[in-house]
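Here is a short set of exercises to work through with the model open beside you. Try each task on your own, then follow the solution step by step.

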Amino acid sequence: MNRRARTAALTAATAVALAAALTAPAVAAGPVVASGGHDATGRAVRAAVADGVPGVTVTVRRGHGTWAATAGVGNVKTGKPRSVRDHYRIASITKTFVATVVLQLEAEGRLSLDDTVEKWLPGAVRGNGNDGRRITIRQLLNHTSGIFDYLEDPGFQQTYMTPDGFMKHRFDEAAPEDLLAIAMKNRPHFEPGASFAYSNTNYLLAARVIEKATGNDYGAEIDRRITAPLHLTSTSVPTTRVTLPRPSSRGYSKLARETTGPTYDVTELNPRLAYGSGQMVSSSADLTRFFSALLRGELLPREQLKEMRTTVPSSRDTSRYGLGLVDRKLSCGVHVWGHDGGIYGSNSDAVTTGNGRHSLAVNFNGDWSGSTDAIIEAEFCGK
């Protein structure tokens with residue numbers, strides 16, 4: 001079947017599957033523990049599917065109880081529903097894991113947040129106005145370094161983010177140094193510490209600092225320090241594995257800024273291109289456990305957790321950025337802490353209250369529509 005025929009078949013299958021999914025209620029699993037239940041959250045989940053998301057999976061942890069729900073489909077060709085146990089690519093939520101390990105290393109006296117990038121990665125950040133001697137680890141973690149985001153480089157976007165480029169290069173393996181070189185071809189956004197600019201390059205560098213400080217792959221440190229102690233059995237840092245663990249759903253993308261046009265199955269890809277900025281795989285249940293444990297102080301001493309929660313203004317009026325952790329103020333005045341993440345075919349969000357007692361994680365297996373914000377608002381504000 002040629003590309004045009006495959007695209008037409010996929011588009012038709014999507015329409016049929018989504019039409020069926022809109023009438024399916026969210027599926028609850030486990031005790032409902034929130035006062036008044038989760039009716040608003042369930043409606044928001046179904047609304048996301050109505051808006052065009054193929055399928056949604058969400059888990060809420062409150063106290064000692066959990067509630068989970070799905071809507072829509074995990075496979076538009078077969079109509080297979082999403083699972084509350086789905087593994088999915090968590091993209092930039094990886095940053096919170098990386099920042100946690102860096103802060104653990106600080107607590108152990110193995111590095112300082114005020115160390116320069118140059119100290120740990122000599123000569124790595126140089127050229128075109130970039131100078132690692134003037135950038136600290138703290139500035140990497142809170143995105144005040146000014147370093148250019150390699151994902152914004154026009155050449156990178158043409159190679160990996162267009163339909164033709166993605167299909168040709170989706171299994172490429174690029175070394176962190178290759179990705180860093182792309183960033184270094186561009187001038188920084190501003191002087192270190194002068195402002196805020198979200199940059200995936202910052203967390204590529206933070207992951208490399210972990211590796212220099214420990215002598216181990218940053219993924220091995222995440223596993224040893226976070227995943228294993230918390231028994232996050234669905235969480236991993238895949239190296240070059242292009243498939244997702246089971247159970248999982250297919251991931252779909254427009255591979256374009258527009259929300260119209262062809263829909264592509266982008267499930268298989270080499271996650272190493274995201275490295276420390278977005279390489280990980282997890283599940284909604286694991287993410288609620290992680291963020292709950294983090295905010296409860298189970299992973300960091302009090303001093304380091306305070307550092308993590310020390311924020312700077314971000315690019316959004318309703319949120320501020322800490323060290324790999326976002327403080328988001330909801331419409332009802334409630335503050336939640338967490339991170340979101342988007343990668344081809346996957347859009348995720350994970351948040352928890354400041355005391356870690358009420359957590360939510362949600363994933364869309366499409367990256368062009370729907371609002372995770374609306375689901376968070378529904379759960380924590382009841383609307």
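**Exercise 1. Decide whether Asn142 is buried or exposed, and find its surroundings.**

Step 1. Check the cover: Asn142 has a relative accessible area of 7%, so it is buried (buried means under 20% relative accessible area, exposed over 50%, partly exposed in between, with a 1.4 Å probe and protein chains only).

Step 2. Place it: Asn142 sits in the loop between α5 (137-141) and α6 (154-160). Helices (H or I, at least four residues) and strands (E, at least two) are DSSP runs, numbered from the N terminus.

Step 3. List the partners: leaving out residues up to four places away in sequence, Asn142 touches Phe196, Val312, Tyr321, Gly322 and Leu323 (contact means heavy atoms within 4.5 Å).

Before going on, a word on the source: this is a predicted model, in which local features need pLDDT of at least 70 and side-chain atom pairs count only at pLDDT 80 or more, while totals for chains, interfaces and linings use all residues. Residues are numbered from 1 along each chain as its sequence is written, and side-chain values use heavy atoms, with hydrogens and water left out.

**Exercise 2. Describe the backbone of His143 and of Asn128.**

Step 1. Take His143, which lies in the loop between α5 and α6. Its phi is near 60 degrees, a positive value in a residue other than glycine.

Step 2. Look at the cover: with a relative accessible area of 0%, His143 is buried.

Step 3. Turn to Asn128, in the loop between β4 (126-127) and β5 (130-131). Asn128 is not a glycine either, yet has a positive phi of about 55 degrees.

Step 4. Check its cover too: Asn128 has 38% relative accessibility and so counts as partly exposed.

**Exercise 3. Find the cis peptide bond that ends at Pro247.**

Step 1. Go to the loop between α10 (218-227) and β6 (252-253), where Pro247 lies.

Step 2. Read omega: the bond from Arg246 to Pro247 is cis, with omega near -5 degrees.

**Exercise 4. Which residues surround Gly55?**

Step 1. Locate Gly55 in strand β1 (residues 55-62).

Step 2. Judge its cover: Gly55 counts as buried, at 0% relative accessibility.

Step 3. Setting aside residues up to four places away in sequence, Gly55 touches Ala71, Gly72, Val73, Arg82, Asn363, Phe364 and Asn365.

Step 4. Now try a distance: Gly55 and Thr233 are 178 residues apart in sequence, and their C-alpha atoms are 23 Å apart in space.

**Exercise 5. Do the same for Leu330.**

Step 1. Leu330 belongs to the loop between β11 (326-329) and β12 (335-343).

Step 2. With 5% relative accessibility, Leu330 is buried.

Step 3. Apart from neighbours within four places in sequence, Leu330 contacts Val336, Ile376, Glu377, Phe380 and Cys381.

Step 4. For the distance to Thr318, 12 residues away in sequence, the C-alpha to C-alpha value is 7.4 Å.

**Exercise 6. Why can α11 be called largely enclosed?**

Step 1. Get its length: α11 (residues 284-295) has 12 residues and spans 17 Å from first C-alpha to last, close to the expected 16 Å (the expected span is 1.5 Å times one less than the number of residues).

Step 2. Check burial: 10 of the 12 residues of α11 are buried, so the rest of the structure largely encloses this helix. Among the buried ones are Leu287, Phe290, Phe291 and Leu294.

Step 3. Look just past the helix, where Gly297 takes a positive phi of about 85 degrees.

Step 4. Repeat for α9 (residues 200-214): its 15 residues reach 22 Å, close to the 21 Å expected. Here 13 of the 15 residues are buried, and Gly215, just after α9, has a positive phi of about 80 degrees.

**Exercise 7. What is the radius of gyration of the protein, and what would a compact globule have?**

Step 1. Apply the globule rule, 2.2 Å times the number of residues to the power 0.38, with the radius taken over C-alpha atoms.

Step 2. Compare: a compact globule of 383 residues would be near 21 Å, and the protein has 20 Å, which agrees.

Step 3. Add the wider picture: the protein has 13 helices and 14 strands, and 57% of its 383 residues count as buried.
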